[in-house]
Amino acid sequence: MALLRLQLHDFRNIQQAELLPGRGLNVLLGRNGSGKTSLLEAIHYLGLGRSFRTHLTNRVIAHEAKAFTLFAQIELAQQGTIPLGLSKNRNGESQLKVAGRAADRLAQLAELLPLQLIHPEGFGLLTAGPQQRRAFIDWGVFHVDMGFYPLWSRVRRLLKQRNALLRQSQHYDPLAFWDLELARLGAQLADLRSAYCAAWLPLLQEITQDFLPEYEFRVGFYPGWDRQRELTTLLAEGFERDKAMGHTAVGPHKADLRLKANGVPVQDVLSRGQLKLLVCAMRLAQGLYLNRCSGRECLFLIDDFASELDSEKRRRLAQRLKQCASQVFITAIDEAPLADMMSELECHLFHVEQGTITGYQARESESKT
Ligand SMILES: Nc1ncnc2c1ncn2[C@@H]1O[C@H](COP(=O)(O)OP(=O)(O)OP(=O)(O)O)[C@@H](O)[C@H]1O
């Protein structure tokens, strides 16, 4: 999979621009505030239907404009080149087109454009609540198991129904029927997530050897409840508590990934820089796993991160990206700190200046294999 063309209209400070990326490393160079991160944000929008900086569409639409529009051409191994279009206006209305047809599910975008974002605030994956880590596991399962998305959607609907019933019912009985189904599907979801974590973990351990060899990492998957016990029993026992809280306290919607370094929770022992490296390793391991088990490539967006790594780690990052066969978009203020990465990968340079892309230059990797 590769992004061959990206056109932007009224996206942040970019009134109109076109990017024709290369397949390897695309370096977006520019001064502070020039629009580099906005370009990554636009690609993120195309892959996930949302920004990584804000949940407010109005912040992303250029001042004075009514809507933003993104258009892209992507190349897929099976389908060849297909166009994608996404537009959002200030009333929150979206238009999504895939291969010229109106599409209604953002999951369609995610399916076409698997992407991983590595950015300076990314360590929230390890320090914030479980929601981000659940989304992280689900990204992986979604891309390797076709059965995941319909199952996940049914579990979500069941939970909504259960929470609505909790608020209406004085007794547990009306919930019992729904809980049977929730427990059945919840167990299937937990099995998929747990199998994914077990399969992905060896790759993570391999990559952390590059980035953080001083630690031994262990990763535990928590399915959202104690699987020694029946989920139906736990749900029935927790009825009064759940009713008081207005939502369900145990179940697959509480799944989490728990990481330890030398036996201690990572957020208690690693420095900020080390947490960032670990997140980077986790995301690379996902890209690599996707590539190994489905032959598909995942696109990497790397914002302002490489300058935080020493030269050896940058080289290792580039080597891993090469292993993932990934197309990479990386921002930097100047190219000097990226020299190590640029020598490992086929490299394309773009200059971003006040919302316009002013330069383009393709460079051959020095150490092509
Ligand atoms: N909705 C908007 N309309 C117009 N301009 C905007 C909008 N939102 C943000 N901007 C401006 O867009 C510019 C580009 O921001 P962006 O974060 O992409 O810059 P950057 O090149 O990544 O900078 P840095 O290197 O400092 O991270 C900023 O000057 C910002 O003030």
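Which residue in S5 stands opposite Gln73? In this predicted model, the residue that stands opposite Gln73 is Pro83 in S5, and the pair belongs to a stretch of sheet in which strand S4 (residues 67–76) and strand S5 (residues 80–89) run antiparallel and are joined by 10 bridges. The connection from S4 to S5 is a hairpin that passes through three residues. On the other side of this connection along the chain, S5 also pairs with strand S6 (residues 94–98), again in the antiparallel sense, over five bridges, and within this pairing Ser87 has Gln95 of S6 as its bridge partner. The hairpin of S5 and S6 has four residues between the strands, and Gly92 takes a positive phi near 85° in it.

The surroundings of the ligand were examined next. The ligand has 17 residues around it, of which Asn13, Asn32, Gly33, Thr37 and Ser38 come nearest. Helix H1 (residues 36–48) contributes three residues, the largest share of this shell. By character, the shell consists of 10 polar, four charged and three nonpolar residues.

A further element is helix H12 (residues 311–323), whose 13 residues should span 18 Å at 1.5 Å a residue, and because the C-alpha atoms at its ends are 19 Å apart, the expected and computed spans agree. The buried residues of H12 are Arg314, Arg316, Leu317, Ala318, Arg320, Leu321 and Lys322, and these buried residues pack against helix H7 (173–211), helix H11 (272–294), strand S12 (299–302), strand S13 (328–332) and helix H13 (339–344). Just after H12, a positive phi of about 55° is taken by Ala325.

Notes:
Residues are numbered from 1 along each chain as its sequence is written. This is a predicted model: local features need pLDDT of at least 70, side-chain atom pairs count only at pLDDT 80 or more; totals for chains, interfaces and linings use all residues. A residue is near a molecule or strand if its C-beta atom, placed from the backbone, lies within 6 Å of it. Helices (H or I, at least four residues) and strands (E, at least two) are DSSP runs, numbered from the N terminus. Ala, Val, Leu, Ile, Met, Phe, Trp, Tyr, Cys and Pro count as nonpolar, Asp, Glu, Lys and Arg as charged, and the others, Gly among them, as polar. Two strands pair if DSSP finds at least two bridges between them. The expected span of a helix is 1.5 Å times one less than its number of residues. A residue is buried if 20 or more other C-beta atoms lie within 10 Å of its own, exposed if 12 or fewer, and partly exposed in between; C-beta atoms are placed from the backbone. Two residues are in contact if their C-beta atoms, placed from the backbone, lie within 7 Å.
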